[in-house]
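Visitor: Could you take me through the salt bridges of this protein, one pair at a time? I would like to know where the partners sit and how much of them is open to the outside.

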Amino acid sequence: MLSARENQLSLEERALLQERMEADLSGFNIDAPRWDQCTFLGRVKHFFNVTDPRTVLVPERELDWAKVMVEKSRMGTVPPGTRVEQLLYAKKLYDSAFHPDTGDKMNVIGRMSFQVPGGMIITGFMLQFYRTIPAVVFWQWVNQSFNALVNYTNRNAASPTSVRQMAVSYVTATTAAVATAVGMNTLTKRAPPLVGRWVPFAAVAAANCVNIPMMRQQELIQGICVKDRNHNEIGHSRRAAAIGITQVVISRITMAAPGMILLPVIMERLEKLHCMKRIQVLHAPLQVLLSGCFLIFMVPVACGLFPQKWYQLFIPHLVLLSTLSLVSLTCLVSRRREGGAGREASVQGQAPVSLNAGPLDPR
């Protein structure tokens with residue numbers, strides 16, 4: 001009889017616990033950011049979560065489960081007993097593996113969570129094999145092929161890019177990178193060795209300045225959508241597209257800069273050590289490992305440089321990363337709207353967008 005009462009109490013406690021859990025989930029918004037996206041630190045925390053390289057190893061079945069859980073949470077049909085931690089983990093997997101516009105599963109190599117493992121290998125070998133022309137050409141080609149796949153995977157669904165545009169962008173970016181690297185290698189033959197080690201970074205920066213605007217030329221031609229606080233479309237702006245693309249270029253270069261600028265200095269010092277001279281075969285793996293140490297921090301930092309929304313103005317997702325940060329309209333558009341400048345970012349006949357912003361939603 002005592003055990004029956006204990007069992008009854010246990011069932012009552014379980015029911016009460018389940019009710020509390022369901023009550024907790026009743027006001028849960030899975031698309032709301034966990035960290036304040038108005039601040040740089042909040043954005044960095046968000047992208048640390050989204051670009052976590054460990055999610056690359058998650059099985060396909062678990063990714064499919066994450067998508068189902070996210071969709072059920074959006075519809076308010078979460079299975080009983082689901083915890084908030086489970087939903088947050090599902091959202092992390094969903095953001096890392098599925099396209100934010102289409103909801104389709106992205107290929108592994110093109111995901112932002114693959115930026116660290118993929119980028120560290122390519123960057124390490126670019127920095128190691130920079131002395132000969134064939135090695136420079138090969139690794140610059142590999143890097144631009146990787147970038148092209150990332151750009152294609154994270155393409156903006158609102159402004160689709162044709163196969164011809166992607167091909168032209170790929171060829172021009174590869175040509176710019178190779179020409180910069182080969183040209184600078186020739187010019188720096190008599191310069192100090194350290195200067196030659198910085199040539200790969202110059203080539204990568206030059207390629208980004210060509211590749212990204214070429215890939216986004218439709219946005220520059222047609223403009224990108226500007227919406228108010230209620231996500232109502234109020235017009236298109238080519239100026240906003242130019243601002244956003246410029247910020248993406250800055251983010252990409254910032255992502256690569258610390259590793260490709262500081263790592264050559266570190267290796268220049270290390271290679272003078274007696275022990276390092278005896279184990280030259282490990283120089284390339286060491287550069288790959290050190291490149292990963294830089295990228296694991298710089299990928300979320302670069303992605304969080306610019307807010308994706310500002311003062312309730314919403315700009316559709318651009319690459320970069322998608323995944324990477326998008327357009328920050330900042331106060332520029334709002335001030336011009338209020339001041340009657342009447343430029344592209346404002347639309348005639350519309351009321352000014354309020355600057356009383358709430359929490360920002362990055363994706």
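Guide: Happy to; here is a walk through the charged pairs, ending with a histidine beside one of them. Please keep in mind that this is a predicted model. The count of salt bridges comes to eight.

Let's begin with K105 and E60, whose closest N and O atoms are 2.6 Å apart. K105 sits in the loop between helix 4 and helix 5, while E60 belongs to helix 3, so this pair ties together parts that are 45 residues apart in sequence. K105 is partly exposed, at 32% relative accessible area, and E60 is also partly exposed, at 40%.

Next comes K91 with D95, where the closest N and O atoms lie 2.9 Å apart. These two residues are four apart in helix 4, which means about one helical turn separates them. K91 counts as buried at 9% relative accessibility, and D95 is buried too, at 8%.

R197 pairs with E271, and here the closest N and O atoms are 2.4 Å apart. R197 is part of helix 8 and E271 lies in the loop between helix 11 and helix 12, so their salt bridge ties together parts that are 74 residues apart in sequence. Both R197 and E271 are buried. Elsewhere, D52, R54 and K92 are joined into one network by salt bridges that share partners.

Finally, E271 leads us to H283, a residue of helix 13 (residues 283-303). Setting aside neighbours within four places in sequence, H283 is in contact with E271, Q128, M267 and M276. H283 counts as buried, at 7% relative accessibility.

Methods
Residues are numbered from 1 along each chain as its sequence is written. This is a predicted model: local features need pLDDT of at least 70, side-chain atom pairs count only at pLDDT 80 or more; totals for chains, interfaces and linings use all residues. Side-chain values use heavy atoms; hydrogens and water are left out. Buried means under 20% relative accessible area, exposed over 50%, partly exposed in between (1.4 Å probe, protein chains only). Contact means heavy atoms within 4.5 Å. A salt bridge is a side-chain nitrogen of Lys or Arg within 4 Å of a carboxyl oxygen of Asp or Glu.
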